[in-house]
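Please look over the sequence and the structure shown here before reading on. The paragraphs that follow go through the parts of the chain one after another.

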Amino acid sequence: MPKHIGLDLGTSNTRMYIKGRGIVLRSPTVVAVDTQEDTVVALGSEAKRMIGKTPFNITAFRPIQNGVIADFEVSAMMIHEYFVRTEALSLFNRPVVLVSTPGKCTEVERLALENAIFEAGAKAVGMVKSPLACAIGAGLKINSARGCMVVDIGGGMTQATVISSGGIVTSKAIKLAGDKLDGAIINSLRSKRGLFIGDVSAEMIKVKIGAAMPGMNRGTVEVSGRNEQLKCAQSIHVSTADIYNAIHTALEAICRTIMNVLEITPPEIASDISDYGIMLVGGGANISGISELIQKKTGLRVTIAKNPMDCECNGIGKLIEKPNIIPGGILYKNR
Ligand SMILES: Nc1ncnc2c1ncn2[C@@H]1O[C@H](COP(=O)(O)OP(=O)(O)OP(=O)(O)O)[C@@H](O)[C@H]1O
Ligand SMILES: [Mg+2]
């Protein structure tokens with residue numbers, strides 16, 4: 001029997017679901033490649049640990065950007081490796097795969113994703129729009145005529161989507177999410193404190209002491225980097241207020257995207273959303289104070305989903321078990 005699997009290929013993290021078993025893999029979407037030999041030297045957490053520390057011939061990079069394939073061959077190889085590791089693919093068995101795609105992507109991007117999954121060894125591929133998967137995974141009843149809003153703040157992209165009667169009514173996506181917050185922290189420490197830090201340190205600071213509301217105190221962290229003037233290694237202490245100041249402009253842009261979607265939502269559905277509020281999913285839902293900030297800006301109740309980072313993959317999993325949650329079910333292409 002072929003294994004039926006669900007795949008959430010995120011900019012930051014890849015998750016895989018196997019029918020009957022649940023989520024079996026959570027791994028950073030990072031691949032380290034030896035550019036001279038043209039071979040993959042590390043995947044996932046191991047490759048992520050190499051970012052910014054590789055010798056000249058090795059590059060650690062992300063083959064998926066904002067839900068679409070940035071490097072076809074490396075993506076196919078990574079997916080293949082994950083199929084093998086989770087025993088979804090074997091000599092006699094090729095998996096049936098349901099993958100999520102961004103709410104808005106071009107036909108070319110959709111085909112590239114589908115082909116990469118076939119190349120990785122799949123027997124059949126079906127696709128579902130990621131906001132629907134996120135909403136299902138967060139426990140929203142997407143089939144009801146009552147409108148609902150799901151906001152996914154991931155690593156590469158924020159998507160705000162209004163759903164009603166099993167389909168997307170209005171949606172907006174911006175390429176501003178966790179990675180850009182890390183970038184804002186790097187820029188701020190460089191300009192205000194003269195310290196240049198790497199992506200991995202910036203993400204660590206954001207997770208440890210990041211805050212979306214003024215006046216929050218999550219303590220301080222010591223961070224090491226290169227002093228820009230003295231050109232030597234240096235450590236400094238950074239406070240919650242420093243990080244709030246670095247990221248609040250980006251967080252406000254996320255709030256504006258949500259408000260833009262609300263502005264173009266038909267009034268009947270907008271009134272459902274004002275009754276039932278907004279559901280937050282994705283890694284960005286973990287930022288301290290984010291629900292308060294969105295609540296303050298939109299005037300709507302905001303709920304953070306349970307295990308927000310797993311919602312999309314859990315939603316894909318629910319669709320594998322019950323495809324008719326989406327009107328018309330899921331169409332699979334065979335090869
Ligand atoms: N506790 C936390 N506080 C702040 N940010 C966090 C926290 N935990 C995770 N993140 C951030 O969430 C992001 C990853 O979220 P997620 O796994 O949902 O993204 P993704 O699905 O890979 O990306 P995308 O959906 O944009 O393609 C990263 O930027 C990570 O730093
Ligand atoms: Mg995601």
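Across which strands does α10 lie, and at about what angle does α10 run to β1? In this predicted model, helix α10 lies across β1 (4–9), β2, β3, β9 (96–101) and β10 (124–129), and its direction makes an angle of about 155° with that of β1.

The strands just named belong to an open sheet of six strands, whose order is β3-β2-β1-β9-β10-β19 and whose pairing is mixed. At the edges of this sheet are β3 (22–28) and β19 (332–334), each of which pairs on one side only, and from one strand to the next the twist averages 20°. Strands of a sheet pair through backbone hydrogen bonds, either parallel or antiparallel. The antiparallel sense is found between strand β2 (residues 13–18) and β3, which pair over six bridges, and there isoleucine 18 has glycine 22 of β3 as its bridge partner. The parallel sense is found between β1 and β9, which are joined by four bridges, with histidine 4 standing opposite valine 96 in β9. Strands β9 and β10 also pair in the parallel sense, over six bridges, and in this pair serine 100 stands opposite valine 128 in β10.

Helix α10 (residues 311–321) also packs against helix α4 (residues 130–137), at an angle of about 90° and with the two axes 6 Å apart. An angle from 65 to 115 degrees counts as roughly perpendicular, and α4 and α10 are therefore roughly perpendicular to each other. On the side of α4, the contact is made by Ser130, Ala133, Cys134, Ala135, Ile136 and Gly137, while α10 brings Cys311, Glu312, Cys313, Asn314, Gly315, Ile316, Lys318 and Leu319 to it. Sorted by class, the residues in this contact of α4 with α10 are eight nonpolar, four polar and two charged.

A further sheet, which is open and has three strands, follows the order β5-β4-β6 with antiparallel pairing. Strands β5 (39–43) and β6 (58–61) stand at its edges, each with a single partner strand, so one side of each is left without a neighbour in the sheet. The twist in this sheet averages 25° from one strand to the next. Between strand β4 (residues 31–34) and β5, which run antiparallel, there are four bridges, and the bridge partner of valine 31 in β5 is leucine 43.

Farther along the chain, strand β15 (residues 220–227) pairs with strand β14 (residues 195–196), to which it runs antiparallel and is joined by two bridges; here leucine 195 stands opposite asparagine 227 in β15. Strand β15 is also joined to strand β16 (residues 232–239), again antiparallel, by eight bridges, with valine 223 standing opposite isoleucine 236 in β16. Together β15 and β16 form a hairpin with four residues between them, and in the turn lysine 231 has a positive phi of about 55°.

How does the chain divide into domains? The domain assignment gives domain 1 (4–132 + 312–334), domain 2 (140–176 + 254–309) and domain 3 (178–246). The centres of domain 1 and domain 2, taken over C-alpha atoms, are separated by 25 Å, and the contact takes 17 residues from domain 1 and 18 residues from domain 2. On the side of domain 1 that touches domain 2, helix α4 gives the most, with three residues, and by class this side has six nonpolar, eight polar and three charged residues.

There remains the ligand. Ligand 1 is surrounded by 23 residues, of which the closest are Gly10, Gly154, Gly178, Gly283 and Asn286. Two or more residues of this shell come from each of the elements α5 (178–193) and α6 (199–209), and α6 gives the most, with three residues. The shell around ligand 1 divides by class into five nonpolar, 15 polar and three charged residues.

Key. Residues numbered from 1 in each chain as written. Chains lettered and ligands numbered in written order. Predicted model: local features only at pLDDT ≥ 70, side-chain atom pairs only at ≥ 80, totals over all residues. Axes fitted to C-alpha atoms, helices over the stretch in contact; angles between N-to-C directions. Parallel < 35°, antiparallel > 145°, perpendicular 65-115°, else oblique. Contact = placed C-beta atoms within 7 Å. Nonpolar A, V, L, I, M, F, W, Y, C, P; charged D, E, K, R; others polar. Pairing = 2+ DSSP bridges. Near = placed C-beta within 6 Å. Domains from an automatic or database assignment.
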